[in-house]
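Here is a short round of questions about how labels are assigned in one structure. Each answer sets a value against its cut-off.

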Amino acid sequence: VLAELIERFVSHLSESRMDCYFSTGNYKAMEIDVKKESLSSVQQLGVEMTVRYGKYLNLLKEDAENGLCFVLVNCEKFLKQQQRTVVSSLRCLQEHYAGYDWFASSIFLIMSGDRERTLTFLQQFSRLLVSAFLWLPRLHLSVHLPVTTVEYGLHPVYFCSAHHIEMLLKAELPLVCSAFHMSGFTPSQICLQWITQCFWNYMDWSEICHYIAICILLGPDYQIYMCISVFRHLQQDILKHTEA
């Protein structure tokens with residue numbers, strides 16, 4: 001039901017010029033022999049973890065690994081059409097996205113391992129503004145960002161979402177904000193980790209699905225409210241650890 005809901009919603013918005021924030025070229029999924037494609041060691045590990053988790057949740061079948069690799073490789077090729085070349089020694093600005101694509105993997109699980117359905121959804125989703133904040137590889141070296149922003153290696157999730165989380169935390173949960181200040185960590189560091197991993201390893205699968213659905217249906221600002229609500233939920237534990 002969730003898969004059909006977000007699928008129809010995104011399909012409807014992606015057909016409206018008013019709602020399409022990004023322009024995308026035509027890309028046809030290629031039937032690729034994934035074994036010939038060089039998945040990085042990080043990607044290979046991520047695929048193993050995703051498939052193991054998907055089978056644990058009874059969402060994936062035995063041949064799911066090839067399907068996920070197909071999605072990841074095609075996503076990389078599709079997004080590469082909208083990337084610029086940047087000469088930099090920063091590892092995060094190399095040709096390939098440095099981390100693992102947790103959002104695409106989450107959608108793959110929501111779609112129960114249907115690779116064509118997943119890829120079609122991601123291509124339509126990439127036209128919408130919310131894709132910039134939920135799907136981090138979406139704006140890796142992107143032509144949609146100013147050159148200076150790309151060269152600094154800063155993602156909009158960091159200087160938009162995380163910045164607003166810190167501002168709201170100061171107003172809504174001053175004690176939690178003080179606890180972070182005393183610890184030497186910033187809330188934005190933690191939130192960037194949560195958001196990059198789509199809250200994997202932090203929340204249950206149903207809650208991860210709610211997070212993705214809420215942000216898609218209600219807008220990217222709900223990513224900020226979600227993080228604030230998690231801090232509110234953890235407030236007593238955070239304060240307890242600060243005292244100790």
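Q: Where is C198 found in this predicted model?
A: C198 lies in the loop that runs between α10 and α11.

Q: Why is C198 called buried?
A: Its relative accessibility is 0%. Buried means under 20%, so C198 counts as buried.

Q: What is notable about the phi of C198?
A: The value is positive, near 50 degrees, and the residue is not a glycine. C198 follows α10.

Q: Where is F199, and what is its phi?
A: F199 is also in the loop between α10 and α11. Its phi is positive, about 65 degrees, although F199 is not a glycine.

Q: How do you know whether F199 is buried or exposed?
A: The relative accessible area of F199 is 1%. The limit for buried is under 20%, so F199 is buried.

Q: Which residues of helix α10 are buried?
A: In α10 (residues 187–196) they are P187, S188, C191, W194 and I195.

Q: What puts these residues on the same side of α10?
A: Their arc around the axis is only 120 degrees, so they share one side of α10. They pack against α6, α8, α9, α11 and α12.

Q: What makes α8 oblique to α12?
A: The axes come within 9 Å and cross at roughly 45 degrees. Roughly parallel needs under 35 degrees, and roughly perpendicular starts at 65. The angle fits neither, so α8 is oblique to α12. The crossing is right-handed.

Q: Which classes of residue make the contact of α8 with α12?
A: Nine are nonpolar, three polar and two charged. Among them are L168 and E172 of α8, and F231 and R232 of α12.

Notes: Residues are numbered from 1 along each chain as its sequence is written. This is a predicted model: local features need pLDDT of at least 70, side-chain atom pairs count only at pLDDT 80 or more; totals for chains, interfaces and linings use all residues. Side-chain values use heavy atoms; hydrogens and water are left out. Buried means under 20% relative accessible area, exposed over 50%, partly exposed in between (1.4 Å probe, protein chains only). Helices (H or I, at least four residues) and strands (E, at least two) are DSSP runs, numbered from the N terminus. The arc is that of the directions from the helix axis to the C-beta atoms. Contact means heavy atoms within 4.5 Å. Axes are lines fitted to C-alpha atoms, for helices over the stretch in contact, and angles run from 0 to 180 degrees between N-to-C directions. Angles under 35 degrees count as roughly parallel, over 145 as roughly antiparallel, 65 to 115 as roughly perpendicular and the rest as oblique. A crossing is left-handed if the near helix is turned anticlockwise from the far one by less than a right angle, and right-handed if clockwise. Ala, Val, Leu, Ile, Met, Phe, Trp, Tyr, Cys and Pro count as nonpolar, Asp, Glu, Lys and Arg as charged, and the others, Gly among them, as polar.
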